[in-house]
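Let's take a walk through a protein model together. Keep the picture open beside you and look for each part as it comes up.

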Amino acid sequence: MKPLILHGHHAGPNPYKINLILENLNLPYEEKFWVLGEDSKGIKGPEFLKINENGRVPALEDPNTGIVSWESQAVINYLLRVYDKSYTLCPGPDASEQDRVDYDKWIAFLITTFAPMMGQRNWYVHFNAIDNPDAKKRYEEQTLRCFGVLEGQLAKTGGKSILPSGFSAVDCHFWPWLRGYGLAQLNISAFEFCGRWIREIGERPEVKRIDEFLAKAK
């Protein structure tokens, strides 16, 4: 089997989701790192735009099938359809309809609500040209509200996994975002099970492998 090619960069949570899926499925892969900008190494440059016309990472090339995908959810869905034949990370054919709905809704919650709120919090804390206390406060409140929603779900498993069935692609979607609470200058001490989940996922061997790999690649 030829290695898959993951296109990412050294920071940001979304490419990390794909690392987690690839590692958990034991798929061979290589990672090509891009930078911000419009030159030949940039995600807005002509070379990368041939892979992803939206100019964002992650993107994935699969030389075994000829498939090119981008947007983290689309990439993950592709990998699970093609390579997770034993349904280790997603609901299998015997799963109940409620199990399928729960899987979908928590991923949707991350993509449409939790991640955008935390992304905006990071923007106004670190990158906005003008200090905007109102915006920082709003996105702090909204992100912490999202932590509260997730806290109730994680309480069902004692902080082991987001779904009661165990570790899944849902956890892979959430982990790279939630681990960045410190960067976002958020105090999550009130969320016992979120904190426990962050610590436990951080001890998984594939997470340690990815962190070591990314540190060496910088």
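The four strands in this predicted model form an open sheet with mixed pairing, in the order E2-E1-E3-E4. Who stands at the edges? Strand E2 (29-33) and strand E4 (67-70) do, and each has a single partner strand, so one side of each has no neighbour in the sheet. If you compare neighbouring strands here and ignore direction, they are turned by 15° against each other on average.

Now pick out strand E1, residues 4-8. E1 and E3 run antiparallel, and three bridges join them. Want a spot to check by eye? Find Ile-5, whose bridge partner in E3 is Glu-61.

Next, add a helix to the picture. Helix H1, made of residues 14-24, lies across E1 and E2, and its direction is at about 155° to E1. H1 also has a helix for company: the axes of H1 and H3 cross at roughly 10° and come within 9 Å. With that angle, H1 counts as roughly parallel to H3, because angles under 35 degrees are classed that way.

Which residues meet between these two helices? On the H1 side you'll find Asn-14, Lys-17, Ile-18, Ile-21 and Leu-22, and on the H3 side Ser-72, Val-75, Ile-76, Leu-79 and Leu-80. Sort the residues of this contact by class and you get seven nonpolar, two polar and one charged.

Let's finish with some oddities of the backbone. As background, most peptide bonds are trans, and most residues other than glycine have a negative phi. Keep that in mind and go to Val-57 and Pro-58: a cis peptide bond joins them, with omega about 10°. Pro-58 sits in the loop between helix H2 (46-49) and strand E3 (59-62).

Then look at Tyr-87, a residue other than glycine with a positive phi, near 55°. You can find Tyr-87 in the loop that runs between helix H3 (72-83) and helix H4 (97-127). Is Tyr-87 buried, partly exposed or exposed? Its relative accessibility is 40%, so Tyr-87 counts as partly exposed, a class that lies between under 20% for buried and over 50% for exposed.

Gln-185 is another residue to look up: its phi is positive too, near 55°, and again this is not a glycine. To spot Gln-185, follow the chain into the loop between helix H6 (169-178) and helix H7 (192-202).

Methods:
Residues are numbered from 1 along each chain as its sequence is written. This is a predicted model: local features need pLDDT of at least 70, side-chain atom pairs count only at pLDDT 80 or more; totals for chains, interfaces and linings use all residues. Side-chain values use heavy atoms; hydrogens and water are left out. Buried means under 20% relative accessible area, exposed over 50%, partly exposed in between (1.4 Å probe, protein chains only). Two strands pair if DSSP finds at least two bridges between them. Axes are lines fitted to C-alpha atoms, for helices over the stretch in contact, and angles run from 0 to 180 degrees between N-to-C directions. Contact means heavy atoms within 4.5 Å. Angles under 35 degrees count as roughly parallel, over 145 as roughly antiparallel, 65 to 115 as roughly perpendicular and the rest as oblique. Ala, Val, Leu, Ile, Met, Phe, Trp, Tyr, Cys and Pro count as nonpolar, Asp, Glu, Lys and Arg as charged, and the others, Gly among them, as polar.
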